[in-house]
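Dear colleague,

I am passing on the structure we spoke about, together with a written account of what came out of going through it. Please look at the sequence and the fold first, and then read on.

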Amino acid sequence: MEKLVGKVISVSELNVRVLVEEGKIRIQNILYAEVRGKRVCFEVAEEDGNVVSAIPLQSAVGLKKGTPVYRLEDNLSMQYNDELLGKVFDAYGELIDDNTIEEQHRRSIYDRTISMEEINVNGGNLWTGIKVLDFFAPMQKGFKMGLLGGAGVGKTVLIKELINNVYKDLQSNSVFVGVGERSREGKELYDEMKEAGLLDKIGIVFGQMGENSSARSKAIFSGLTAAEYLRDEKGQDVLLFVDNIYRYVQAISEINAELSRVPIENGYPANIGSAISQVEERINSTGNGSITSFQAIYIPADDLTDAAVQTIQSHLDGQIVLDRKVAEKGLYPAVDVFNTTSKLIDIEKVGEKHYRLVEATLKYYSRYRDLEEIIAVLGIEELSEEDTRVFYRTRKLRNYFTQPMFVAEQFTGIPGQFVKIDDVLHDVENILNGTYDDVDESRFAYIGKIDF
């Protein structure tokens with residue numbers, strides 16, 4: 001039952017101040033007012049005695065001083081059952097596609113805080129079947145991975161392949177959260193998921209670029225609630241894709257500016273660390289299941305020392321960097337192996353063989369980069385015998401780390417491949433040892449494991 005709690009005393013685009021009876025309102029309560037027959041909701045962000053500041057969830061145009069304000073019983077909530085799969089929700093957990101929900105079962109998007117006793121730091125490895133990722137950036141269940149790369153380098157195809165492979169291997173569902181991204185890209189993702197037969201395996205939440213800061217800041221919490229349902233109630237190892245986590249920080253900054261909180265450098269709020277922690281601390285592995293996240297990060301002005309980027313990266317367990325220069329060579333997934341990292345690349349965690357092979361491969365890649373410059377000037381004939389071997393073996397390795405994708409099969413005509421890590425290690429070792437020195441490099445491109 002909604003009840004009258006006060007009246008509006010001032011309105012701006014991101015801050016509605018309401019005079020209320022003291023002690024009646026809490027932070028995160030949802031208030032609303034009627035404007036021209038439509039309900040405008042706002043969420044309480046600050047309380048100061050009997051005056052509260054609330055962030056409008058929709059446009060506040062038409063709201064006037066003196067308008068009566070009511071309180072809703074529930075806070076912001078998200079669908080919390082199997083019906084979240086195959087559907088698209090807005091930042092506040094409301095359906096925005098043509099589907100309907102048969103059984104409403106919702107949960108507050110702020111409910112879940114994970115205790116230290118519940119966290120399982122030895123969640124087991126999460127093998128994706130994608131050679132270049134499992135070799136250079138192996139993952140553990142509950143890991144947080146950064147996914148860096150501009151437009152057109154194959155980010156969406158990689159995301160779709162991860163969803164496909166992890167579902168096949170673990171029968172686990174995924175959640176995709178669009179935070180402040182273009183609505184056109186959201187529609188493309190929806191259509192592509194449908195075409196690839198993956199839509200029923202994923203829940204999608206969108207807080208679009210054109211919406212206000214509130215929507216862009218809440219989408220991530222609705223997505224987390226969906227992922228927590230799959231982890232805690234279904235016991236799954238869930239993949240959570242966030243595109244783009246930096247937009248969440250931007251939205252928080254805009255809200256803080258409107259609330260007149262003094263910013264630190266670059267206009268970021270002083271509470272930037274706790275705002276990011278609120279999100280990151282909910283992404284973990286428990287005894288029941290795990291949430292493993294891939295977070296796209298926009299790097300403002302390509303500045304990796306940016307305060308927000310640094311704060312996000314401090315929570316990450318690794319990063320996958322997609323590079324346009326690699327894509328231009330026709331090598332997909334277009335992973336930049338020098339900047340792609342994982343905390344799991346440790347002799348204690350992946351074993352000596354894997355660790356030594358990564359070390360040796362990066363050494364080959366590094367030498368290859370130098371040799372390319374020498375060849376451009378002097379020609380390949382001037383290389384020593386040892387350098388010639390390094391040059392050709394690295395080209396074979398580069399080709400070997402390409403892979404036919406299941407989700408791209410209809411476009412490429414090449415059947416997708418899921419490659420086990422043991423096969424990858426065996427093949428890489430053989431390439432480095434010269435087993436395939438007599439085999440043409442073109443035979444290594446877009447295959448699964450080597451079988452010639």
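What follows goes from the overall build to two strands, a pocket and a single glycine.

Please keep in mind throughout that this is a predicted model. The protein contains 13 helices and 18 strands. Its radius of gyration is 25 Å, close to the 22 Å that the globule rule gives for 452 residues, so the protein is as compact as a globular protein of that length. Along the principal axes, the C-alpha atoms fill a box of roughly 85 × 45 × 40 Å. Buried residues account for 55% of the 452 residues, and of the contacts with a separation of 6 or more, 72% are between residues 24 or more positions apart.

Strand S12, which spans residues 144–148, is mostly covered, with 5 of its 5 residues buried. The covering applies to both faces, since Lys144, Gly146 and Leu148 on one side are buried, as are Met145 and Leu147 on the other. S12 is joined by 4 bridges to strand S16 (residues 290–296), the two running parallel, and within that pairing the bridge partner of Lys144 is Ser293. S12 is also joined by 4 bridges to strand S17 (residues 318–321), again in the parallel sense, and here Leu148 stands opposite Val321.

Strand S14, residues 202–207, can be described in a similar manner. Of its 6 residues 6 are buried, so S14 is largely enclosed by the rest of the structure. Ile202, Ile204 and Phe206 point one way from the strand, while Gly203, Val205 and Gly207 point the other way, and all of them are buried. Strand S13 (residues 174–179) pairs with S14 in the parallel sense over 6 bridges, whereas strand S8 (residues 88–90) is joined to S14, also parallel, by 3 bridges. Phe206 appears in both pairings, as the bridge partner of Asp90 and as the residue that Gly178 stands opposite.

Next comes the largest pocket, which has a volume of about 1300 Å³. It is lined by 50 residues, of which Gly149, Gly150, Ala151, Val153 and Lys155 are the closest to its centre. The elements that give two or more residues to this lining are S12, helix H2 (155–170), helix H3 (183–195) and S17, and H3 gives the most, with 6 residues. By residue class, the lining of the largest pocket divides into 26 nonpolar, 11 polar and 13 charged residues.

One last position that I would ask you to look at is Gly129, which lies in the loop between strand S10 (125–126) and helix H1 (131–136). Is Gly129 buried or exposed? Gly129 has a relative accessible area of 0%, and it is therefore buried, the cut-off for that term being under 20%. Leaving aside residues up to four places away in sequence, Gly129 touches Asp134, Asn165, Gln403, Gln417, Phe418 and Val419. Gly129 and Val424 are 295 residues apart in sequence, yet their C-alpha atoms are 9.5 Å apart in space.

With best regards

Technical notes:
Residues numbered from 1 in each chain as written. Predicted model: local features only at pLDDT ≥ 70, side-chain atom pairs only at ≥ 80, totals over all residues. Heavy atoms only, no water. Buried < 20%, exposed > 50% of the residue type's maximum accessible area, 1.4 Å probe, protein only. Pairing = 2+ DSSP bridges. 1 Å grid on protein atoms, 1.4 Å probe; cavity = no way out; pocket = protein on both sides within 12 Å on 5 of 7 lines; lining within 4 Å. Points joined across faces, edges and corners; volume = space filled by probe spheres on them. Nonpolar A, V, L, I, M, F, W, Y, C, P; charged D, E, K, R; others polar. Rg over C-alpha atoms; globule rule 2.2 N^0.38 Å. Contact = heavy atoms within 4.5 Å.
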